[in-house]
Structures are given as C-alpha cells and as structure tokens.
Amino acid sequence: MKPEIKILSQISPDQSVICILGNNIIPNYLSLSKSEKEYARKRLSEKDEYVFINSYYKCTYLVRIKDDLPEFKIREELRKTAYNLKKLIKSNSHSEIVISSDDTFDGAIEAFTEGLILSFYSFKKYKTREDEKDKKNYPGKLLLYGKIKKPDLKWFTELCEAVYLVRDMINEPANHLNAVGLGKEIRRIGDISGFNVEILNKGKIEALKMGGLLAVNKGSVDPPVFCILEWKPAGKLNKKPIVLVGKGVIYDTGGLNIKTGDYMAQMKADMAGAATVAGVMYVAAKTSVPLHIIGLVPATDNRPGGNAYTQGDILTMHNNTTVEVGNTDAEGRLILADAISYAGNYSPELIIDIATLTGSAAMTFGNQAIAIMGNADRKYFTLLDESGNEVYERVAELLFWDEYGELLKSDIADIKNVGGREAGAITAGKFLETFTKSPMLHLDIAGTGLLKKDDFYRSKEGPGSGLRLLATFIKKLAEEYRKK
Ligand code: BES
Ligand code: ZN
Ligand code: ZN
C-alpha cells in the first residue's frame, strides 16, 4: 500500500515539512529560528540540492529548484530529489509529513510527491524475518500544502497506485504467479477499479486457433490464458476503441533456444507489458477517462519442457497466417500477433502494444527511452512524445521502412518469426504489423522495463515502465476528443 495523501489547509509550527522553494525565500509558516534561517540561506546560496534542519521536535527539508531548466525537466529533478531524500526522511521515522510550496509553478508539489511515493515502493511480501515495521510502506501520511487542484491530485494518486499494482505483478516470481494467476490478478484489478474482464481458457484459445499463443505454451505444464479487458464509459467520446495489447510472458527461458549466461535472470519480468496494460485500464476506470478502451493480454510461460515448440515448426496463427519458427526465444511476437489479429474484431481506431520484446531495443537506447515505431498517424506519435516528456518516460522512434519487413521472408511459410541479427527491434515490430490492417504503435520496453539497479525512483524491482506514459497519452487523447 502506498502512503495516504491528503490536502492540508494549515500548517502548525510543530509539523515536519518538506518545502519546495521556487525563489529561495523561506516561508514564515515553517517557523524556523533566526539561526536556522541563516544556516539554510547559506546552504541554498551554495546551491545544495536540499537543506535539512533538525529542530529536535520537528524536521524541515528545504528543496531547491534548478530554475535554469524547462519545466518538465524541473519536475523530473524534483522526482529525483525526492528519491535522494528518501533515506534521510525514512531515518527520521515521521508518521506523517507535509509537502509544501507556495512560490513555484503548478505541478511542483505533485512531481515531488510522485517521486517520493514511487521511491518508497518495496516488494517485501516474501520477507519473513524482517522487522514488521520495515515491511510496512512508509510513511503513513503525506499532507500536501499549496496550489493543488483536486482533479490533479486524484489523477496522480491513482497513477501512483497503479504503478504499485504493476510493480507488484512484475515482482511476483513465476512459481507464485502463473498465467492463470495473472488472469486472476487482472480480474481483481478490474473489480476494484470498474473495468470489465473476460478470461479465455485454453479450450477457448484453441477454438480461436491462436496458434502462436498455443505453440509458446507447449513446453509448459501450466495452461495459457487470454484476457480481454474493457472500459466502456457511458459518455465515451470515441466511436472506435483504442486497443492496448500487453506481452504476458510469465517467464521467458527462451524455450528450446534456451537463454544462456545471465540472460534468463530477470525474465520473470517478461510480463511487464501485460501488467502495464492492466495498470492503464485501472487508471482509466478510476479517473473515468471518457474513452472506450480494450486491453488484450495473451499470457503463458515459455519453457523447453514436454513437447515444446521447436525451431523449424510451422504455426498457423489466429488469422491463418503461417509462421516458420526460426527461434523459440522470439516468443513474445508470436503471442502478441494472435492478440493483434484478434484486435481486428473491434475495428479499432488504434492498436498500441507494449512488450519487453527485444534485446536489440535495450542495446539501442539503454534504459533511457522506450523504443517506439509504427504506421499510425503522426498525431499519435506527437502525443506520445509529449506524454513521455511530461512524465519523463521518454520515447525514441525507430525507422519502420517496409524493406525491414523483407528480412522476415520464409521459404516454406508466409513469414518467419526472426529476421536475423540486424535491426532486431525493427523487424520484431514489422512482424507484428503484418497481423493487422488497423493503425498501430509498438512500444518495446526491453530496455526500460527491467533494470539492473535503481534508476532513482524507478526501482529495479519492476519499474513499471510505460504505465505513466500510456495513461497520460490516453488522458491527452480524451482531451483532444473534447476539443473536437
Ligand atoms: N524477452 C526477450 C527480450 C528481452 C531481452 C527483454 C532483454 C528484456 C531484456 C525476448 O523474448 C527475446 O528473447 N528476444 C530475442 C529475440 C531474438 C531471438 C530474435 C532477443 O532479443 O534476443
Ligand atoms: Zn524470448
Ligand atoms: Zn520474451
């Protein structure tokens, strides 16, 4: 559980406060002594990131704004400062703390609070020996004081809640959360937020002839699921829905093309795309985004057991396309392809898929950017780029030329699931494109969706990459519709 957040109307002199300073003017409501103020001014003039004052009965943290940056960068600096302050704040064991600002821009308090909440996340479910106190999320209460609009507060608290839900799903290991378990968790998230969930079992998946999902599942003793999430508000502004598709590979061993070295180590996170789709639906439902949105989640683990699918197999997919398997480790695109062709049933305005899809995307952009590509109208790319800056989950576009698709030619089937070593992230996107006539955007989060160490408030424990991005994108899209 994340900390409780409330708006405060007055600060009392004995309250511990984190105060974000726009112009380095120390507000009177902090009730600091003359010498404390002098000390603070000196530290601020030396451009310290923050100043800590311990008045024995309370603590004051002054946060300096780096004012020579554009606003979206300052917001990110505030999120990072929140992370940098986390240990100190925690060591002071506040049961509640005020976050205030009166001379900064709109959104400063929200950005800092968001950074702090996301920094406080931890996954301690399976710790049995740690002190109970440490297991609880900390602190209990955050009290916000300053210019904050109610709808903004609702939006970012739900966004943070969704990040927690998504991270929890990603962190669950494969022996505790299989495909059926993921389906159940998605249903629970639907129930608590208000979107509808339908879960198709293996029999239904067979009836739908989802040859990609079934093939990847063959090496596993656990059955696959195909989840259909729907948010259809009464006042929806779009005629055709937006369809979100998330890769739900519970664990990716590589299959018979088994992963070597430490490449398998973090592969419980190979369902990060699926978790993100559930998280976006949660935010849409909780904040009543006036758009019709469908989420599709094909889920299975990818293992080499039983009669696992093999290199050379030819699969018949949901849309009857035949696929030659060139590598069983290119499983994500196979399960996504079935979902993307299934999306055609909804005649969508746009399909967006999100997946930890290729090492190639991670090699290209590291953990700095989500690789994006697609054939959708440029207006969607612009909106995604703006959303990315706003929440600082930035996107970087890759080429999507048809020539890249030619690398997927097969001698014996319609298409191959791998295109060789070159341009691996792009050929994966091109593979997906062949399964739909609808406009599509493809987000590869292999670089940002799993981390070797904390990237500030993006915890290495499943950062939840793409959630704040896509939720913001959906919100902005609804605003565009409202303008029409
Ligand atoms: N899940 C992996 C991609 C991945 C790699 C995600 C690193 C996160 C971090 C995916 O299923 C995969 O194995 N892709 C292969 C494709 C190749 C066989 C064409 C890859 O990228 O190596
Ligand atoms: Zn793989
Ligand atoms: Zn994978």
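Trainee: By class, how many nonpolar, polar and charged residues does the lining of the largest pocket have?

Mentor: In this predicted model, the largest pocket holds about 1,400 Å³ of space. Its lining comprises 41 residues, and Lys 259, Tyr 263, Thr 358, Gly 359 and Ser 360 are the closest to the centre. By class, the lining has twelve nonpolar, 16 polar and 13 charged residues.

Trainee: Which helix supplies the largest share of the lining of the largest pocket?

Mentor: Helices α10, α11 (359-365) and α14 (424-433) each supply at least two residues of this lining. The largest share is four residues, and the helix they come from is α11.

Trainee: Which residues coordinate the zinc ion (ligand 2)?

Mentor: The donor residues follow the spacing D-x76-D-x1-E in sequence. The distances to the zinc ion (ligand 2) are 2.0 to 2.2 Å, and Asp 329 contributes both O and OD. The coordinating residues are Asp 252, Asp 329 and Glu 331.

Trainee: Which residue coordinates both the zinc ion (ligand 2) and the zinc ion (ligand 3)?

Mentor: The two zinc ions lie 3.3 Å apart. The residue in question is buried, with a relative accessible area of 2%. The residue that coordinates both ions is Asp 252.

Trainee: How many residues apart in sequence are the parts that Asp 252 and Asp 329 tie together?

Mentor: Asp 252 lies in strand β10 (residues 248-252), whereas Asp 329 lies in the loop between β13 (322-324) and α10 (332-343). Asp 329 is partly exposed, at 23% relative accessibility. Because the pair sits in these two places, the parts tied together are 77 residues apart in sequence.

Key: Residues are numbered from 1 along each chain as its sequence is written. Chains are lettered from A and ligands numbered from 1 in the order in which they are written. This is a predicted model: local features need pLDDT of at least 70, side-chain atom pairs count only at pLDDT 80 or more; totals for chains, interfaces and linings use all residues. Side-chain values use heavy atoms; hydrogens and water are left out. Donors are N, O and S atoms within 2.8 Å of the metal (3.2 Å for Na, K and Ca); water is not among the atoms, so sites may look incomplete. Buried means under 20% relative accessible area, exposed over 50%, partly exposed in between (1.4 Å probe, protein chains only). On a 1 Å grid over the protein atoms alone, a cavity is a set of points where a 1.4 Å probe fits but cannot get out, and a pocket is an open set with protein on both sides within 12 Å along at least five of seven lines; lining residues have an atom within 4 Å of a point. Grid points are joined across faces, edges and corners, and a volume is the space filled by probe spheres set on the points. Ala, Val, Leu, Ile, Met, Phe, Trp, Tyr, Cys and Pro count as nonpolar, Asp, Glu, Lys and Arg as charged, and the others, Gly among them, as polar.
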